[in-house]
Amino acid sequence: MKTNKALIFSVLLTLIIGCRKNISENESNNFKDTFRTTNSKKSLSTSETIKDINKSFVLSCGSGCAMTYTAENISSEIPIIKVKFKIETYIDEKLSDTYYEVYIFKYDNLNNIIKIEAEGKNENFLENLLPDAKESFKKFSIDLIKDKKLEIKSSQTCFKESVIKLPYVSVNTKTLKYSLLDCNSIIGIEKYNCNSDKLRYISLPNKENINVILVPQDCGDFDYRYYLLTIKGDKVVGNLYVEGEWYEPEDEKNKEITSFSIDREYNLVVKTQTPNSSILENYVIKNGGNIIKK
C-alpha cells in the first residue's frame, strides 16, 4: 500500500502520543535486532561500494510502535546522494505496512547535511521531523558522506568562466548561450531554476570570492526577464531584477523596459523606461556579496 511521507509521520506522531510507556533499552535493542534486515545489493553511479554504513535505522514511538528504514538503493551525483528506502511500520510489534520512498540528501561545501527532501518535492524533510527522528536521519547522512568520501564543490567551481567582460552594458541577452549549473549545493538557488532540473545562467566576472551571474526568469507571464545574483560560499546572498519588460495585460503600449550596466568596480546602474518616464537607480555589490542601493 502506497503511503506518502506526510501521512506516515502523522500516523507516527499519533502513535507516539498514544503510547504511554517508553520501551526499555533492552526492548529497544531487541527491536533493532528484529527489524534489521540483511544487506542487499545497491547500484551506485560511481565505482564505490557501501562497506561500513549502517544501512538500517529504527524510529521508535514506544511499546510496540516503530518504523524501520532500510536503504535498498544508493546513488550519488555530487553533491547529492539519492537513497531509496524500504519503510516498514509496526504496530503492537506486528508489521502493518510496507512501502518505498526515495529521499535526496543534499550537503554544503563542508559536507554538512543541509536538506533532505522526498523525490519530486521541494520541502526540507528535516524541518518536519521530531527530534529523535531528525537525529537518526542526520546520523545516517553522516555515514553516507563518510562512506562515499565525497568532496563537495564550492560555488567557485560550480560556475563556468565568464563570457561577459566588464564594463558591461546591456546587449541582446537572447543571443547569448546559457551555461547549466554544475552543482546543486547552493542554498537558495532553486528559487531561480524556473521549474528546471538545472539553473541556466550567464557568468559575469567574479568579484574576488563572489560569483556574479545573470539568470533568466522566463517561466512567468513574460519571457524576457533577468535577475542578477551574487553567490558567496554555498549561498545566494544578493538578487536584483536588472533587465526585461513588464506591462499590464492588453496594454503593451505602456510597456516598462528595464536594462542595466555594470563597471569594473561592480557599480550597477539599472534603467527603467516607460513611454512617459526614464528612471536610473544605482547599486553596488559589496564585499560580502550583498547588492546595496546607493
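**Group meeting: cores, ring pairs and a disulfide**

Let me begin with one residue: Phe222 is buried, at 11% relative accessibility. I shall return to its partner later in the talk. What you see above is a predicted model, and I ask you to keep that in mind throughout.

First, the overall organisation. The chain is built from three helices and 15 strands. It has 294 residues, of which 44% count as buried. If we take contacts between residues at least 6 apart in sequence, 48% of them join residues at least 24 apart. The exposed surface comes to about 16500 Å², and carbon and sulfur atoms supply 47% of that area.

How confident is the predictor in this chain, by mean pLDDT? The average is 77, and 74% of the residues score at least 70. Among the elements, strand β14, residues 277–285, has the highest mean pLDDT, at 97, whereas helix α2, residues 25–35, has the lowest, at 35. Residues 1–53 lie below a pLDDT of 50, although this stretch has 96 contacts in the model beyond near neighbours in sequence.

I turn now to the interior. The largest nonpolar core comprises 25 residues, and those with the most contacts inside it are Tyr69, Val83, Phe85, Tyr103, Phe105 and Phe137. Which elements supply at least two residues each to this core? They are the strands β1 (56–62), β2 (65–77), β3 (80–91), β4 (94–107) and β5 (113–118), together with helix α3 (131–148). Helix α3 gives the most, with five residues.

Phe137 deserves a closer look. Leaving out residues up to four places away in sequence, Phe137 touches Phe57, Leu59, Tyr69, Phe85, Tyr103, Phe105, Ile116, Phe125, Leu126 and Leu129. Apart from the largest core lies another, of 21 residues, including Ile164, Tyr224, Val270 and Ile285.

Let me move to the aromatic rings. Ring pairs link Phe57, Tyr69, Phe85, Tyr103, Phe105, Phe125, Phe137 and Phe140 into a cluster. Across the whole structure, the search finds 20 aromatic pairs. One of these pairs is formed by Phe57 and Phe140; the geometry is tilted, with 5.5 Å from centre to centre and 50 degrees between the planes. Phe57 sits in strand β1 and Phe140 in helix α3, and the pair links parts of the chain that are 83 residues apart. Are these two rings buried or exposed? Phe57 is buried at 10% relative accessibility, and Phe140 is buried at 2%.

That brings me back to Phe222. Its ring pairs with that of Tyr247 in an edge-to-face arrangement, at 5.0 Å between centres and 75 degrees between planes. Phe222 lies in the loop between β9 and β10, while Tyr247 lies in the loop between β11 (235–246) and β12 (256–262), so the pair ties together parts of the chain 25 residues apart in sequence. Whereas Phe222 is buried at 11%, Tyr247 counts as partly exposed, at 21% relative accessibility. With the limit for burial set at 20%, Tyr247 falls on the partly exposed side.

Next, the cysteines. A disulfide is a covalent bond between the sulfur atoms of two cysteines. How many does this model contain? The count is one disulfide. Cys194 is joined to Cys219, with 2.2 Å from S to S. The torsion about the S-S bond is about -70 degrees, so the disulfide is left-handed. Cys194 belongs to the loop between β7 (179–180) and β8 (200–207), and Cys219 to the loop between β9 (210–216) and β10 (225–232); the pair therefore ties together parts that are 25 residues apart in sequence. Their environments may be set side by side: Cys194 is buried, with a relative accessible area of 12%, whereas Cys219 is partly exposed at 43%. As for Cys65, that residue is buried at 4% relative accessible area.

Finally, a loop position. Asn112 lies in the loop between β4 and β5, and counts as partly exposed at 41% relative accessibility. Which residues does Asn112 contact, setting aside neighbours within four places in sequence? The contacts are with Lys106 and Tyr107. The C-alpha atoms of Asn112 and Ser141 are 8.7 Å apart, with 29 residues separating the two along the chain.

Conventions. Residues are numbered from 1 along each chain as its sequence is written. This is a predicted model: local features need pLDDT of at least 70, side-chain atom pairs count only at pLDDT 80 or more; totals for chains, interfaces and linings use all residues. Side-chain values use heavy atoms; hydrogens and water are left out. Helices (H or I, at least four residues) and strands (E, at least two) are DSSP runs, numbered from the N terminus. Buried means under 20% relative accessible area, exposed over 50%, partly exposed in between (1.4 Å probe, protein chains only). Contact means heavy atoms within 4.5 Å. Accessible areas come from the Shrake-Rupley method with a 1.4 Å probe; for residues, only the protein chains shown count as cover. A disulfide is a pair of cysteine sulfur atoms within 2.5 Å. pLDDT is the predictor's confidence in each residue, from 0 to 100. A nonpolar core is a set of buried Ala, Val, Leu, Ile, Met, Phe, Trp, Tyr and Cys residues joined through side-chain atoms within 4.5 Å. Rings of Phe, Tyr and Trp (its six-membered ring) pair if their centres lie within 6.5 Å; planes under 30 degrees apart count as stacked, over 60 as edge-to-face and the rest as tilted.
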